[in-house]
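Thank you for making the time this morning. I would like to walk through one protein model with you, and I will begin with a question once it is on the screen.

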Amino acid sequence: MSDGEFQGRVAVITGGARGLGRAFGAALVARGAHVVLADIDGTEAASAAAEFRARGGSATGTACDVADEEGVAAMVDGIVEQHGGIDLLVNNAGLHGAAYYQPFAQLGIAKVRRLFDVNVMGVVICSLAAREAMSGRADATIVNISSSAAYANRNAYAVSKLAVRGLTMSFAREFAGDGIRVNAIAPGLVFTDTIRTELPRAEVERALGQQIVQREGTERDIVGTLLYLASPKASFLTGETLRVTGGFGLSV
């Protein structure tokens, strides 16, 4: 199954049970990594990991709420005990969808707090928890998942993803002495199952009309960017957010 590009590396993917997280996991497993799929839905994470193992890969699934500091610390301790450390952390877990594409006042304080607990504090908690386990390991890398929405800032979700861009720059500086690169991906409209279910066709057409590349974005487009950022090919890249949007919303 493996082509060996990431052989021997340990990757942790939050929000790894479905969508982009699961696609990231499948790609890394296929290239030789041991992948830990961490998700608030532990049953689904375990099911995805079992599927990867059935294909000949190495993977485990675990329940994890990225906003739970003690739970994240315990997960990292378990990975270190079993595998010796972490080479790649993908901060992918996040709340999104129509329920969160709202103005702050409309969303309400309770939902705003939960949105930022997961989308922002989740990145902080997981990155700080993994830092020691990643320190000094060759090609240690953190990849955060932001969004093209961070460049428009029309709603609370967009602002949470703008914060992820800021964290990416800050942690790149803060973790540099540990030999850890930190970058982010800002996907445009990517047709996951959730997007296909929730997004009205009129909104899809509006987004496609603003793209230069006239096709729907796919998980494969984002996976390829992750594999690049996680590899030695990107060894001179840190603190950056790469927009993968088909040219949507180009700006200087």
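In which loop does Asn-153 lie? Before I answer, please keep in mind that what you see is a predicted model. Asn-153 sits in the loop between β5 and α6, the helix that covers residues 156–174. I chose this residue because its phi is near 55°, a positive value in a residue other than glycine, and because, at 35% relative accessibility, it counts as partly exposed.

There is another residue of this kind to set beside it. Asp-139, which is not a glycine either, has a positive phi of about 60°, and it is found in the loop between α5, residues 109–134, and β5. Asp-139 is partly exposed, with a relative accessible area of 32%.

Let me now step back to the whole chain. The protein contains 9 helices and 7 strands, and its C-alpha atoms fill a box of roughly 45 × 40 × 35 Å along the principal axes. For 252 residues, a compact globule would be expected to have a radius of gyration near 18 Å, and the 17 Å found for this protein agrees with that. Of the contacts between residues at least 6 apart in sequence, 74% join residues that are at least 24 apart.

As for the surface, the protein exposes about 11600 Å², of which carbon and sulfur atoms supply 53%. There are 23 positive and 26 negative side chains, and the centres of these two sets lie 7 Å apart.

Turning to the interior, buried residues make up 48% of the 252 residues. In soluble globular proteins, nonpolar side chains tend to be buried together. Here the largest nonpolar core has 32 residues, and those with the most contacts inside it are Phe-24, Leu-28, Val-35 and Leu-37. The elements that give two or more residues to this core include the strands β1 (10–14), β2 (34–39), β4 (88–91) and β5 (141–145), together with the helices α1 (19–30), α2 (42–54) and α9 (219–229). The largest share, 6 residues, comes from α1.

If you would like to look at one residue in that core, I suggest Leu-28, which, once residues up to four places away in sequence are set aside, touches Phe-6, Ala-11, Ile-13, Ala-33, Val-35, Leu-88, Leu-226 and Leu-227. Apart from this core lies another, of 31 residues, and among them are Ala-38, Val-120, Cys-126 and Ile-180.

Which residues does Thr-241 contact, leaving aside its neighbours within four places in sequence? Thr-241 is found in strand β7, residues 241–244, and it is buried, with a relative accessible area of 19%, where the cut-off for buried is under 20%. Its contacts are Tyr-151, Arg-165, Thr-168, Ala-184, Ile-185 and Ala-186.

I will finish with a pair of residues, Lys-111 and Arg-243, which are 132 residues apart along the chain and whose C-alpha atoms are separated by 27 Å. Lys-111 lies in helix α5, and, at 43% relative accessibility, it counts as partly exposed.

Methods: Residues are numbered from 1 along each chain as its sequence is written. This is a predicted model: local features need pLDDT of at least 70, side-chain atom pairs count only at pLDDT 80 or more; totals for chains, interfaces and linings use all residues. Side-chain values use heavy atoms; hydrogens and water are left out. Helices (H or I, at least four residues) and strands (E, at least two) are DSSP runs, numbered from the N terminus. The radius of gyration is taken over C-alpha atoms; the globule rule is 2.2 Å times the number of residues to the power 0.38. Buried means under 20% relative accessible area, exposed over 50%, partly exposed in between (1.4 Å probe, protein chains only). Contact means heavy atoms within 4.5 Å. Accessible areas come from the Shrake-Rupley method with a 1.4 Å probe; for residues, only the protein chains shown count as cover. Lys and Arg count as positive and Asp and Glu as negative; His and the chain ends are not counted. The place of a charge is taken as NZ of Lys, CZ of Arg, CG of Asp or CD of Glu. A nonpolar core is a set of buried Ala, Val, Leu, Ile, Met, Phe, Trp, Tyr and Cys residues joined through side-chain atoms within 4.5 Å.
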